[in-house]
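Visitor: Hello! I am new to protein structures and would like some help reading this one. Could we look at it together?

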Amino acid sequence: MSKSIEKFYITTPIYYVNAEPHIGHAYTTIVADVLARFYRQEIGSENVFFLTGTDEHGAKVAEMAAKLGKSPQEFTDQISGSFKEAWKNLDISHDYFIRTTDAKHKKIVIDILNKLKDKGVLYEADYQGLYCVGCEKFILESELVEGKCPDHNREPQKLKEKNWFFSLQQFLPKIKQAIELGELLVYPASRKNEVLGLIDKQSLPDFSISRSRKSVPWGIDLPWDKEQKTYVWVDALSNYITALDYPEGEKFKKFWPADAQFLGLEILKFHAVYWPAILLALDLPLPKLYIHGFFTIDGQKMSKTLGNVISPNALAEKYGAEVSKYLILSQFSFGAESDIKIENFAEKYNADLVNGLGNLLNRVTNMVEKYLDGKIDLQFVDKKLAQEEIRQLRFREALLTIWQVIQNSNTLIDQEKPWLLAKDEKNKGKLEELLKELVFDLYNIATGLKPFMPEKSAQIIAILTADKIKKPTEPIFPRLDLSD
Ligand code: ME8
């Protein structure tokens, strides 16, 4: 990513509404939020577009709604609302929240389907296969474990039907070339190699873009064949351009191709093969894909039955939006597969925020107030702390860089003991220099933290740039009782 960036378009996957939001969804959304806030600072809010939303069609959603005795629309309204609520509680700064049940989205999907048909990349054929409703995809006999889909522990349905197919084969050499040339960025390299491997193994058959309305009643009708519903992945992937009012919208002209499409590794094939194929068929430029790992909770996959699903709302309620984001992002590096130990969150909060940053702010402002009457003669310069790390999506490392400065400042105070210097008038110059250095570093800590903790950052900057520096009356990070 070079300095000459003029616009920045960021997306998250649109999340299925068959379950309430959990911290897996929150992770991707938080990463996108930090990057969006970072680029708004760099190139202005009007040049950044951050999209998230919900994926609301398909057999899985219809099935869940029926189980609860609700209509699919009623059910999707409810869960989509829960996602909006969660992102509000986490102070997510998306510019637009798309729902695949939006009239505008559906209209543009129909336009896209008609275009694909006109381009001659769709054909009709019989399809027979095993379909897992949990995955919303056909699966192979060889993928089953004891006759069941291993991810969903359920038997697939045997489906035989006439479907419309997308002729993927013809696009594979172009996709391969685009990946190799970097026109389609797949990051990190391990995922790029995985996609290239899939293409080389020739394990990517043409995929169907429709389902019989009998098997999938909840979806967008194919415009030329009302017996067929649009395959949920074609509907869902299109969101990244329907949200920009493809094809004529000003937003589309300004923002496409996406500069950062975030996703988890389980949906790599859809984003790094199917999606580019659709874009190539529409003669559109290709995006940059950033793939992160999955995390487990206390060593186990998040699941309702295990009862280890963590709600973003519960976290936000306990720690507030900004601290929740810090605790999640500081757990592991972007791209890695990892484990989160929730019981460590409270300790980490007390260590890093209460004793680390909060204590530093209290100590420094207290000393400036006491020894210099709150006055400090200082030119603030933004050293752009941790910016390079953020640009490279190394969010955890960015936080570590900032926390290193916090630790160094706290150590400096312990070593230099300003309270001893203050006892002797002849040390006044030295004391003043030391406090200047500490205030300067704190200012840079706060500016570096802006994309992660905009409110706390603004609070700290306001304290440091006031006419008279005063120790905050309330700690900005109140101590948490660990027995809670
Ligand atoms: O796949 N660790 O939706 P989805 C990290 N609707 N990230 C996680 C996670 C975990 N344990 N669990 C979920 C879909 N995620 C489709 C997408 S896009 C056109 C359609 C995050 O609700 C991660 O980003 O299953 C993953 O890719 C996404 O949630 C899957 O969300």
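Guide: Gladly! Let us begin with a loop: Pro 188 sits between β7 (185-187) and α6 (189-200). Please keep in mind that this is a predicted model.

Visitor: What kind of peptide bond joins Tyr 187 and Pro 188?

Guide: To read a peptide bond, look at its omega angle. Tyr 187 and Pro 188 are joined by a cis peptide bond, with omega about 0°. You will find another cis bond running from Trp 256 to Pro 257, where omega is near 5°. Pro 257 also belongs to a loop, the one between α9 (250-255) and β12 (260-264).

Visitor: What is the phi of Asn 153?

Guide: Phi is another backbone angle. For Asn 153 phi is positive, about 50°, although this residue is not a glycine. Look for Asn 153 in the loop between β5 (137-139) and β6 (157-166).

Visitor: Now the ligand. Which residues come nearest to the ligand?

Guide: A good way in is to list the neighbours. There are 23 residues around the ligand, and the nearest are Ile 14, Tyr 16, Thr 28, Asp 55 and Gly 264. Sorted by class, this shell holds 12 nonpolar, 9 polar and 2 charged residues.

Visitor: Which side chains have an N or O atom close to an oxygen atom of the ligand?

Guide: Here we read distances between atoms. The side chain of His 25 places an N or O atom 3.4 Å from a ligand oxygen, and for His 292 the distance is 3.5 Å. The backbone takes part in the list too: a polar backbone atom of Phe 295 is 3.1 Å from a nitrogen atom of the ligand.

Visitor: How much of the ligand does the protein bury?

Guide: Start from the ligand alone, which exposes 670 Å². The protein buries 93% of that area. Two or more shell residues come from each of β1 (8-16), α1 (23-43), α7 (232-237) and α8 (239-242). The largest share, 4 residues, is from β1.

Visitor: Into which domains is the protein divided?

Guide: The two are domain 1 (8-293) and domain 2 (344-464). Their C-alpha centres are 43 Å apart, and 12 residues of domain 1 contact 11 residues of domain 2.

Visitor: How is the size of an interface often given?

Guide: Often as the accessible area lost when the parts come together. Between domain 1 and domain 2 about 1100 Å² is buried, with 67% from carbon and sulfur atoms. On the domain 1 side, Val 34, Phe 38 and Gln 41 lose the most area, together 45% of what that side buries.

How values were computed
Residues are numbered from 1 along each chain as its sequence is written. This is a predicted model: local features need pLDDT of at least 70, side-chain atom pairs count only at pLDDT 80 or more; totals for chains, interfaces and linings use all residues. Side-chain values use heavy atoms; hydrogens and water are left out. A residue is near a molecule or strand if one of its heavy atoms lies within 4 Å of it. A polar contact is a pair of N or O atoms within 3.5 Å; within protein, one must be able to donate a hydrogen and the other to accept it, and residues adjacent in sequence count only if both atoms are side-chain atoms. Accessible areas come from the Shrake-Rupley method with a 1.4 Å probe; for residues, only the protein chains shown count as cover. Ala, Val, Leu, Ile, Met, Phe, Trp, Tyr, Cys and Pro count as nonpolar, Asp, Glu, Lys and Arg as charged, and the others, Gly among them, as polar. Domain bounds come from an automatic or database domain assignment. Contact means heavy atoms within 4.5 Å. Buried area is the accessible area (1.4 Å probe) that two parts lose on being put together, summed over both.
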